Every structure is written in structure tokens, then in C-alpha cells.
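Here is a short briefing on a protein structure. Take it topic by topic, with the structure open beside the text.

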Amino acid sequence: MPSLSYREKTLYASLAAEIVVYGSYFFLHRQNSINKVAGMIVAIIVLQIVLQLIIALVTRNRVTDERDRLIELRGYRAGYLTVCGLMVLGLAMLWFHAEAGNINLENHRVGLHFLSAFFSMLVIADITKTATQIVSYRRAL
Amino acid sequence: MAGIRNRIRELRAQREMTQQDLADRVGVTRQTVIAMEQDKYSPSLETAFKVALALGVTLEQCFQYEPRVGRG
């Protein structure tokens, strides 16, 4: 990819890793389990480390500057707002279903569904953060 | 975009300096130099001083502020 800074390359790698790992978790697996959640976390960490290592090895100029930090903050802001919005939405849906009597807390899978829902929120926020940073780089800020 | 304009490209060309040369002297990435030259990014005061110093001019010769018209 021409004219990409070190930080931009790492962001594209992060986004690719997030889409591959989270995508396979959320779209290929129908049954949730603690093992699959743990597997997803391990997979994303390992993949990120491998990709970052490769990019660091092939990139000679690894300078980061104030613009990189500004874009990073912008990404975190977008991610924070996303997770806050999803939390409010999730709590509102929970309240709505509780009021309607649709939630059976006796069911042992309810906990896993909650875990999966909270992970989905974090995943969406993470992808939003990375995508916002990439867009900021492409728009020069 | 912001009302801060600059003459980085012009001054750099006069000195036959590449974007990478200027970036190395200032301590920023080449992409940041490109963004500054296109007036898409207004640097911090410290970086603006470093750019002016690297180009051998004063801050005012390198950066100009043009107040926006028609906005409160």
C-alpha cells in the first residue's frame, strides 16, 4: 500500500484481525460457550502480535507524532461513545424484555447470552475505534 | 478547514528539500508534512516553530492566520 505511515499499516492490520476473528466468532458459531469466548480473546491477541511484529519488521520508519496521537484519541472517543450508546440500548432492551416477562433467569444459558451481548458491544466499539482512525488518516485528520 | 494557512510547500521547494527531509528534521511523519502542506492539518505551536526553524524562516513567514468571514 503506497504512502502509508507505520501507524496506518498497524491499523489496517488490526481491522483485518478484528474482522477475521470476531467475524468467525459471531457469524460462524451458533452456540456460545466460555471456551469459544476465551478462544476468541487468545486468537485476537496472538493474531495482533504476529501482524504487528511483521509490520514492525518490514517498516523502517516507525516515527509517530502529534497527529498520530490526535487521531488515536479521536478513535478512542468514537469507541467510547459507541460502547456507551450500545450499553444504554442494551439496558433499555433488557428492561423492556424484563417488563414483558420474556427473560427467564432460571435458564442457565442466559448468562452466556449476556456475555455474548457485552462482547458484541465491545467488539463493535473496537471496530468503530479502528475504522474511525483509518478514516481520519485518509481524510488527512 | 481552519483559517491557518502555510507556505511550507513553497519554502521547502525553494530549499530543494523533500517532504521526508523536512519530516525527519521536524520529527514528524511524511504524511503529517503532506497534511500540513494541503492545509488539512494545523500543527501544534511547538511543531509549527520546528517547521519554521527547519525551513530557516520565522513563524509568521511560514504560517498565516486568516480569520473566517461570516461565522460569529
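In this predicted model, A:Tyr137 sits in helix α4 of chain A, which covers residues 110-138. Start with that residue. Then move to the contact between the chains, and on to chain B.

**A:Tyr137 in chain A**

- Is A:Tyr137 buried or exposed? A:Tyr137 counts as buried, because 21 C-beta neighbours lie inside 10 Å and the cut-off for a buried residue is 20 or more.
- Set aside the neighbours within four places in sequence, and A:Tyr137 is in contact with A:Glu8 and A:Ile71.
- A:Asp65 is 72 residues away from A:Tyr137 along the chain. The C-alpha atoms of these two residues are separated by 13 Å.

**Where chain A meets chain B**

- How many residues does each chain bring to the contact? Chain A brings 8 residues and chain B brings 11 residues.
- The side of chain A that touches chain B is mixed by class: 3 residues are nonpolar, 2 are polar and 3 are charged.

**The layout of chain B**

- Chain B holds 5 helices and 2 strands.
- In what pattern do they follow along the sequence? The pattern is β-α-α-α-α-α-β, with a strand at each end.
- Chain B is as compact as a globular protein of its length, because its radius of gyration is 12 Å, close to the 11 Å that the globule rule gives for 72 residues.
- Along the principal axes, the C-alpha atoms of chain B fill a box of roughly 40 × 20 × 20 Å.
- Of the 72 residues in chain B, 28% are buried.
- Look at contacts in chain B between residues at least 6 apart in sequence: 57% of these join residues at least 24 apart.

**The nonpolar core**

- The largest nonpolar core has 15 residues.
- Which residues have the most contacts inside this core? They are B:Val26, B:Val51 and B:Cys62.
- Three helices of chain B each give two or more residues to the core: α2 (19-26), α3 (30-37) and α4 (45-55).
- Helix α4(B) gives the most, with 4 residues.

**A closer look at B:Cys62**

- B:Cys62 is one of the core residues with the most contacts inside the core.
- Neighbours within four places in sequence are left aside here. Among the contacts of B:Cys62 are B:Asn6, B:Arg7, B:Ile8 and B:Leu11.
- B:Cys62 is also in contact with B:Val51, B:Ala52, B:Leu55 and B:Val57.
- B:Val51 therefore appears twice in this briefing: find it in the structure next to B:Cys62.

How values were computed
Residues numbered from 1 in each chain as written. Chains lettered and ligands numbered in written order. Predicted model: local features only at pLDDT ≥ 70, side-chain atom pairs only at ≥ 80, totals over all residues. Contact = placed C-beta atoms within 7 Å. Nonpolar A, V, L, I, M, F, W, Y, C, P; charged D, E, K, R; others polar. Rg over C-alpha atoms; globule rule 2.2 N^0.38 Å. Buried ≥ 20, exposed ≤ 12 C-beta atoms within 10 Å, placed from the backbone. Core = buried A, V, L, I, M, F, W, Y, C linked by C-beta atoms within 7 Å.
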